[in-house]
Amino acid sequence: AGLLALFLDLEMLAEMVSIGTLVVFAMVCLGVLFRRYHVHGQGESMKPVGFRILAIVVCSVAFSLSFTMEAPIAVPIVFLVLWAVATASCHFMP
């Protein structure tokens, strides 16, 4: 970060560090979800877990983009409900 500070605006560098921290946090959370609901070596398919994690990620990104692009209020509410359903579906996994 010190070397990049010579070439980039300090505010932009701070934003990139914040975004990087958020991405790492999200990856750890997804890894924890995966390890919680998928037992390696049991012969079960990864599709149910992968589908739920993908749905959570897509709904989260779409929810964030709907605010960035100033969509009507109904759009973020729809993505929030879909995210809640995808997250709640993890409860019903064996």
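Contact here means heavy atoms within 4.5 Å. The model under discussion is predicted.

Me: Which residues does S66 touch, not counting residues up to four places away in sequence?
Reply: S66 lies in helix α3. At 4% relative accessibility, S66 counts as buried, because buried means under 20%. Leaving out residues up to four places away in sequence, the residues touched by S66 are A71, V75 and P76.

Me: How many helices and how many strands does the protein chain have?
Reply: Read from the N terminus on, the elements run α-α-α-α. The secondary structure therefore comes to four helices and zero strands.

Me: Is the protein chain more spread out or less spread out than a compact globule?
Reply: For 94 residues the globule rule gives 12 Å, whereas the radius of gyration of the protein chain is 17 Å. Along the principal axes, the C-alpha atoms fill a box of roughly 50 × 40 × 15 Å. Since 17 Å is well over 12 Å, the protein chain is, relative to a compact globule, more spread out.

Me: What share of the residues in the protein chain is buried?
Reply: The protein chain exposes about 7,400 Å², and carbon and sulfur atoms supply 76% of that area. Of the 94 residues, the buried share is 15%.

Me: Which helix gives the most to the largest nonpolar core?
Reply: The largest nonpolar core has seven residues in all: Y37, V49, I53, I56, A86, C90 and M93. The helix that gives the most to this core, with three residues, spans residues 47-68 and is helix α3.

Me: Why does Y37 count as buried?
Reply: The place of Y37 is in helix α2, which covers residues 10-37. Buried means under 20% relative accessible area. Y37 counts as buried because its relative accessibility is 19%.

Me: Which residues are in contact with Y37, leaving aside its neighbours within four places in sequence?
Reply: Y37 and V49 are twelve residues apart in sequence, and their C-alpha atoms are 6.6 Å apart in space. V49 is one of the contacts of Y37. With neighbours within four places left aside, the full set is V49, C90, H91 and M93.

Me: Which residues does A86 touch, not counting residues up to four places away in sequence?
Reply: A86 belongs to the largest nonpolar core, as does I56. Without residues up to four places away in sequence, the residues touched by A86 are A55 and I56.

Me: How far apart are the mean positions of the positive and negative charges?
Reply: The protein chain has 4 positive and 5 negative charges. The distance between their mean positions is 30 Å.

Definitions and conventions: Residues numbered from 1 in each chain as written. Predicted model: local features only at pLDDT ≥ 70, side-chain atom pairs only at ≥ 80, totals over all residues. Heavy atoms only, no water. Helix = DSSP H or I, 4+ residues; strand = E, 2+ residues; numbered from the N terminus. Rg over C-alpha atoms; globule rule 2.2 N^0.38 Å. Buried < 20%, exposed > 50% of the residue type's maximum accessible area, 1.4 Å probe, protein only. Areas by Shrake-Rupley, 256 points an atom, 1.4 Å probe, with all protein chains shown as cover. Lys, Arg positive; Asp, Glu negative; His and termini not counted. Charge placed at Lys NZ, Arg CZ, Asp CG, Glu CD. Core = buried A, V, L, I, M, F, W, Y, C linked by side-chain atoms within 4.5 Å.
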